[in-house]
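Visitor: I have a structure open and would like to talk it through. Can we start once it is on screen?
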Amino acid sequence: MQVTNEEFKPTIVAFCCNWCSYAGADLSGTNRLSYPANVKIIRVPCSCRVNPMFILRAFQRGADGVILCGCHPGDCHYTTGNYYARRRMTLLFSMLDYLGIERKRTRVEWVSAAEGAKFAATMNDFVATVTKLGENKRLEDLRCKN
Amino acid sequence: MQELIKAKAIELLENGTVDRVLGWKAGEFFYDLTPAVFTTREEIDKDFVYSVFSGANFSKYLVKESRKEGKVAAFLKPCDTYSFNQLLKEHRILRDHVHVVGIACDGMCDIDKIRAAGAKGILGVESGGENLNVHTLYGDVTVKKADMLAERCRCCKSHKLVAFDEKLGEDGDVIENSGRFDEVAKLEAMTPDERFEFWRGELSRCIRCNACRDVCPACTCEKCVFDNDKSGIANKGAANSFEEKMYHIIRAFHVAGRCTDCGECSRVCPEHIPLHLLNRKFIKDIDELYGEYQSGADTETRPPLMDYRQDDADPSVVYARGGKRE
Amino acid sequence: MKKLALSRLPELFAAIGAKEKLYIPADDGESARFLPYREGMELTKKLNTVRSAKDLFFPQVENLMAFQVTGKEIKIIEERDPCENFVLFGVRACDAASFGILDRVFRYAEPADTYYVNRREHGTVVALACTEPEETCFCGVFGIDATQPGGDVSAWIAESDMYFRANTEKGETLLSGLALLEDGDEAPVDAVSAKTRAILEKLPHAKLSLKGFDGAHMLDLFHSKEWEKLSESCLGCGTCTFVCPTCQCYDIREFDTGKEVKRFRCWDSCMYSDFTKMSAGQPRPTQLERFRQRFMHKLVYFPDNNDGVYGCVGCGRCLQKCPIHMNIVKVVKALGEEKQ
């Protein structure tokens with residue numbers, strides 16, 4: 001059900017890698033840079049830990065948008081993890097697009113531990129984008145709706 | 001070709017090269033051939049058939065067969081040899097226990113296409129050059145063989161045998177411009193709404209029989225994630241449209257980069273869901289983004305999802321791809 | 001006997017649909033299935049649907065109940081689909097006979113399966129006789145007459161009309177509520193049935209013998225050497241089970257939605273590797289045992305427990321749909337030959 005933009009608050013799931021983007025999120029907090037409270041962060045050791053099943057499950061359990069944050073390519077704490085994640089997510093997002101799921105519901109952003117501002121800005125932008133798209137209908141599981 | 005293959009099978013058994021042969025066994029009708037293991041000359045003489053309905057890919061059976069005592073012979077068509085290589089690469093087949101006879105092929109027919117062309121109550125078929133003469137309970141129907149070819153054979157990607165211990169018949173080359181991505185491109189050119197509608201219609205017919213997974217040579221997990229209660233996504237039937245999509249997205253993803261496009265998944269689907277369109281989408285994306293890659297063409301190159309380049313495209317490239325915007 | 005011109009079928013469907021939910025076999029992509037009727041839908045020209053009609057009484061996924069835990073209290077929430085009256089139109093004789101088999105398992109057994117019984121009581125079956133059986137049909141082997149389908153109403157297509165005859169009270173109620181039906185004569189129905197019977201006799205498997213498939217030969221069949229060859233290329237998928245109108249095994253599972261746990265049942269297949277797997281182990285460890293189980297159940301155990309009624313109706317779906325072309329006919333022939 002499409003509600004007006006002011007009322008609808010999307011649920012965003014953000015997978016953040018422990019070494020870079022989670023630290024970046026932390027930094028944005030200590031710098032008092034605000035981003036919406038409806039972004040739920042899940043910390044993973046590396047962006048490579050994220051399985052396509054996680055993305056789908058997030059949508060199933062109520063997420064309207066899913067974003068994956070990791071170290072910049074070349075700077076992965078585990079050297080090569082984010083390279084694999086990059087390929088994996090590109091293919092997955094392309095497949096979701098192919099099935100007709102709105103492209104802007106998924107995103108990958110490389111955020112380093114020093115980029116608190118970028119983290120906040122990214123989340124603000126992503127929430128705004130997904131708010132415009134509205135509630136996730138195409139990958140929803142009605143059983144999990146509140 | 002059938003006579004050549006039968007003779008070869010008997011020869012390999014009798015000269016001790018192998019102690020069993022994987023082949024196609026005659027059924028009740030001419031089109032219902034079952035993969036079977038032949039151990040004696042009598043069995044081969046009586047029941048071994050090779051025809052335009054010998055679509056079954058034996059590579060997957062070799063995973064179990066090659067681990068048994070002795071040696072097994074398998075007749076592999078060009079598309080089957082790609083699956084064979086892929087399984088070798090993944091160390092699933094013990095090469096020493098298999099004697100591969102590569103057989104040239106110019107296309108297998110799809111019995112459902114013959115039915116769709118108006119043949120009901122099919123009793124027999126004769127090849128007459130370009131045509132197939134189909135005998136039915138309700139009279140004879142003549143169809144053009146080229147129109148009855150299985151979808152995967154119409155856009156065959158390669159006549160080349162990429163793995164064999166010996167060859168039967170003249171094989172050919174990799175086919176450029178097979179047209180196998182045309183349907184994918186057509187879908188990509190639709191709007192997201194149209195694509196969603198298309199896939200909703202197709203996937204709603206899925207009965208979760210798992211035939212696609214069980215016949216796929218790339219799906220060889222001892223315990224599939226959908227059968228494993230600990231995975232959190234195990235299910236035996238889709239409770240709603242989300243679960244319908246999830247199974248297919250995840251399965252296509254799990255075989256991405258390893259799928260050789262053998263077409264078995266679409267052949268076996270009881271509801272005629274065009275599953276190859278999902279797998280070919282991944283192949284097309286991989287070709288465009290990470291360089292042309294044909295899974296199973298050799299046994300050395302790394303599959304694209306187990307590899308990377310430092311200048312790979314960013315996932316945001318998806319936003320900029322062709323097709324209509326939302 | 002009532003009749004209606006075939007050209008007026010849309011009116012008939014609209015008339016039935018106005019009072020209750022109507023399901024007809026219609027084309028969906030390249031195959032046919034039972035779909036809820038919408039204006040413009042036509043009866044499929046295909047002989048039969050891919051999924052059998054059992055879906056309407058025994059759906060693939062069915063919610064049983066849900067649990068909500070708050071503190072130490074568990075609340076049980078009724079999730080049963082209340083079900084409204086519906087008409088299931090165009091069921092073939094084979095599928096109509098399968099309802100009798102499922103009834104033995106779910107309806108007349110003690111205790112009765114109330115979910116199934118509820119659906120059966122709300123459903124009215126209009127069965128349609130066949131006119132062009134296919135080479136994969138063998139319903140006659142099980143005593144089913146494709147020209148005399150069982151159901152609340154039997155229907156026939158003869159020349160350019162469809163004929164109807166009520167067999168039960170429910171059928172009478174349905175037909176008497178349809179004013180557009182005219183009175184019809186038996187003769188055209190008899191003529192078309194005779195023609196169809198001539199074809200049924202010529203079907204390749206019309207004379208399939210079931211001799212020896214009974215309780216007395218149970219152990220001989222169980223220990224037959226043929227099972228190894230028969231099961232060697234079985235993939236263990238569930239295609240045969242899921243398209244079969246009489247297969248009835250189900251699994252009970254739970255899904256945690258976050259706010260409650262839903263308990264549901266879903267179709268299971270004896271071909272699956274976890275079929276009858278228990279904490280003590282797996283009594284059917286390889287595909288051979290599981291494959292054997294399916295056919296022993298249909299051909300020996302079920303008739304032994306059910307007055308000789310076989311657990312197969314000869315619809316031929318497994319002949320058409322098995323990915324590796326194994327099916328009950330091949331099993332019967334292999335086990336029958338060996339004994340002779």
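Guide: What follows covers a chain contact, a domain pair and a sheet, in a model that is predicted.

Visitor: How many residues does each of chains B and C put into their contact?
Guide: Chain B contributes 34 residues and chain C contributes 39 residues.

Visitor: Which element of chain B gives the most there?
Guide: That is β2(B), with 4 residues. At least two residues each come from β2 (34–38), β5 (122–128), α9 (192–203) and α10 (211–215) of chain B.

Visitor: And by class, what is on that side of chain B?
Guide: The side of chain B that touches chain C has 18 nonpolar, 9 charged and 7 polar residues.

Visitor: Switching to chain C. How is it divided?
Guide: Chain C has domain 1 (2–57 + 82–202) and domain 2 (215–247 + 270–339). Their centres, taken over C-alpha atoms, are separated by 28 Å. The contact between them takes 22 residues from domain 1 of chain C and 17 residues from domain 2 of chain C.

Visitor: Back to chain B. What is the strand order in the open sheet?
Guide: The order is β2-β1-β3-β4-β8, 5 strands with mixed pairing. The edge strands are β2 and β8 (166–168) of chain B, each pairing on one side only.

Visitor: How do β4 and β8 of chain B run, and how many bridges join them?
Guide: They run parallel, joined by 3 bridges. Within this pair of strands, B:V101 has B:E166 of β8(B) as its bridge partner.

Visitor: Which helix lies across those strands?
Guide: Helix α1 (residues 2–14) of chain B lies across β1, β2, β3, β4 and β8 of chain B, at about 155° to β1(B).

Conventions. Residues numbered from 1 in each chain as written. Chains lettered and ligands numbered in written order. Predicted model: local features only at pLDDT ≥ 70, side-chain atom pairs only at ≥ 80, totals over all residues. Contact = placed C-beta atoms within 7 Å. Nonpolar A, V, L, I, M, F, W, Y, C, P; charged D, E, K, R; others polar. Domains from an automatic or database assignment. Pairing = 2+ DSSP bridges. Axes fitted to C-alpha atoms, helices over the stretch in contact; angles between N-to-C directions.
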